[in-house]
Amino acid sequence: MPKLKTKSGSKKRFKKTSSGYIKKKHAFKNHLLTKKSKKRKRNLSQFSLLKRSDQKSIKKQLLLL
């Protein structure tokens with residue numbers, strides 16, 4: 001049986017925390033930043049945890065199950 005490969009798009013976008021959660025970056029922080037407020041851009045630059053409904057599929061893509 002060959003080794004399974006992780007989805008390369010997922011491994012670039014998601015990281016596993018030490019407690020087992022999946023963290024991700026926010027969207028809407030790439031361009032058209034002049035119309036967005038400083039507070040909005042600052043909050044978008046922080047990492048957030050993935051929702052529980054999405055965690056199972058992402059863990060499967062990262063081969064963490």
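**Figure 1. The hairpin of S1 and S2 in the predicted model.** Five residues lie between the two strands of this hairpin, and Gly20 adopts a positive phi near 100° there. Strand S1 and strand S2 (residues 22-25) run antiparallel and are joined by three bridges. Within this pairing, Phe14 has Lys24 of S2 as its bridge partner, and Lys15 is bridged to Lys23 of S2. Gly20 also appears among the contacts of Lys59 once neighbours within four places in sequence are left aside.

**Figure 2. The open sheet of three strands.** The strand order is S1-S2-S3, with antiparallel pairing. Strand S1 (14-16) and strand S3 (47-49) each have a single partner strand and stand at the edges, so one side of each lacks a neighbour in the sheet. From one strand to the next, the twist averages 35°. Strands S2 and S3 run antiparallel and are connected by three bridges. One of the bridged pairs consists of Lys25 and Phe47, the latter in S3. In general, the strands of a sheet pair through backbone hydrogen bonds, in either a parallel or an antiparallel manner.

**Figure 3. The largest nonpolar core.** Five residues constitute this core: Phe14, Ile22, Leu50, Ile58 and Leu62. Phe14 belongs to the S1 pairing, with Lys24 in S2 as its bridge partner. Leu62 touches Phe14 and Ile22, and its other contacts beyond four places in sequence include Thr6, Ser10 and Lys11. In soluble globular proteins, nonpolar side chains tend to be buried together. Across the chain of 65 residues, buried residues make up 18%.

**Figure 4. Ser10 in helix H1.** Helix H1 comprises residues 8-13, and Ser10 is located within it. Ser10 is classed as buried because its relative accessibility is 6%, under the 20% limit for that class. Apart from neighbours within four places in sequence, Ser10 is in contact with Gln61 and Leu62. Leu62 is also a member of the largest nonpolar core.

**Figure 5. Lys59 in helix H3.** Lys59 is situated in helix H3, which spans residues 52-61. With a relative accessible area of 21%, Lys59 is partly exposed; the buried class requires a value under 20%. Beyond its neighbours within four places in sequence, Lys59 makes contact with Gly20, Ile22, Leu64 and Leu65. Of these residues, Ile22 is a member of the largest nonpolar core. Lys59 and Phe14 are 45 residues apart along the chain, and their C-alpha atoms are separated by 9.5 Å.

**Figure 6. Asn43 in helix H2.** Residues 38-44 form helix H2, in which Asn43 is placed. The relative accessibility of Asn43 is 38%, so this residue counts as partly exposed. The C-alpha atoms of Asn43 and His26 lie 8.6 Å apart in space, although the two residues are 17 residues apart in sequence.

**Figure 7. Positive phi values at Phe28 and Leu63.** Most residues other than glycine have a negative phi. Phe28 nevertheless has a phi near 65°; it is found in the loop between S2 and H2. A relative accessible area of 63% places Phe28 in the exposed class. Leu63, likewise not a glycine, has a positive phi of about 60°. This second residue, Leu63, is found in the segment after H3 and counts as partly exposed at 37% relative accessibility.

**Figure 8. The setting of the close-up views in the chain as a whole.** Three helices and three strands are present in the chain, and from the N terminus on the elements run α-β-β-α-β-α. The radius of gyration is 15 Å, well over the 11 Å that the globule rule gives for 65 residues, so the chain is more spread out than a compact globule. The C-alpha trace spans about 50 × 25 × 20 Å along its principal axes. Among contacts with a separation of 6 or more, 53% are accounted for by residues 24 or more positions apart. The chain exposes about 6,000 Å², of which carbon and sulfur atoms supply 54%.

How values were computed:
Residues numbered from 1 in each chain as written. Predicted model: local features only at pLDDT ≥ 70, side-chain atom pairs only at ≥ 80, totals over all residues. Heavy atoms only, no water. Helix = DSSP H or I, 4+ residues; strand = E, 2+ residues; numbered from the N terminus. Rg over C-alpha atoms; globule rule 2.2 N^0.38 Å. Buried < 20%, exposed > 50% of the residue type's maximum accessible area, 1.4 Å probe, protein only. Contact = heavy atoms within 4.5 Å. Areas by Shrake-Rupley, 256 points an atom, 1.4 Å probe, with all protein chains shown as cover. Pairing = 2+ DSSP bridges. Axes fitted to C-alpha atoms, helices over the stretch in contact; angles between N-to-C directions. Core = buried A, V, L, I, M, F, W, Y, C linked by side-chain atoms within 4.5 Å.
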